[in-house]
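Take a look at how two helices can meet, and at how two rings can pair. The report below covers both topics.

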Amino acid sequence: MQGEQYAAAAQAIRDGAPLDQVPVSAAERQLLEFVATLTRHAYRITDKQVEDLRTAGWTDEQIAEAVYDGALFNLFVRIADAFDIHPLSITDASGTPAVLTQT
């Protein structure tokens, strides 16, 4: 999700809003929920979830890209956690995203 049309969605995610409150389409929310499952419980991803994404209009290439991107960001976060690396608030005009400070 890139571009100005997703600014409100990006801000909601940064603020830690529940996915059902993020202003995106139903298909986009479904993809975000899929990536959330990948992040929290990858072993729980089912063939039905993937088929439901296809039914919602996502191509296999788009689903694979969501998995690759999600897995890569999960790697970065785990490395940062392991080495106690935190984003510098000076690098972001909004400061550290609320979602990173929630427990």
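How are α2 and α4 oriented to each other? They are oblique, because their angle falls in none of the other classes (under 35 degrees is roughly parallel, over 145 roughly antiparallel, 65 to 115 roughly perpendicular, the rest oblique). The axes of helix α2 (residues 26-41) and helix α4 (residues 60-82) come within 10 Å and cross at roughly 45°.

This is a predicted model: local features need pLDDT of at least 70, side-chain atom pairs count only at pLDDT 80 or more, and totals for chains, interfaces and linings use all residues. Residues are numbered from 1 along each chain as its sequence is written, and side-chain values use heavy atoms, without hydrogens and water.

The crossing of α2 and α4 is right-handed: the near helix is turned clockwise from the far one by less than a right angle. On α2, the contact (heavy atoms within 4.5 Å) involves Leu-31, Phe-34, Val-35, Leu-38 and Thr-39. On α4, Ile-63, Ala-66, Val-67, Gly-70, Ala-71, Asn-74 and Arg-78 take part.

Now the rings. There is one aromatic pair (ring centres of Phe, Tyr or Trp, its six-membered ring, within 6.5 Å). The rings of Phe-73 and Phe-76 have centres 5.9 Å apart and planes at 80°, so the pair is edge-to-face (over 60 degrees; under 30 is stacked, the rest tilted). Both residues lie in helix α4, three residues apart, about one turn of the helix.

Their exposure uses these classes: buried is under 20% relative accessible area, exposed over 50%, partly exposed in between (1.4 Å probe, protein chains only).

| Residue | Relative accessible area and class |
|---|---|
| Phe-73 | 53%, exposed |
| Phe-76 | 44%, partly exposed |

Terms used
Axes are lines fitted to C-alpha atoms, for helices over the stretch in contact, and angles run from 0 to 180 degrees between N-to-C directions. Helices (H or I, at least four residues) and strands (E, at least two) are DSSP runs, numbered from the N terminus.
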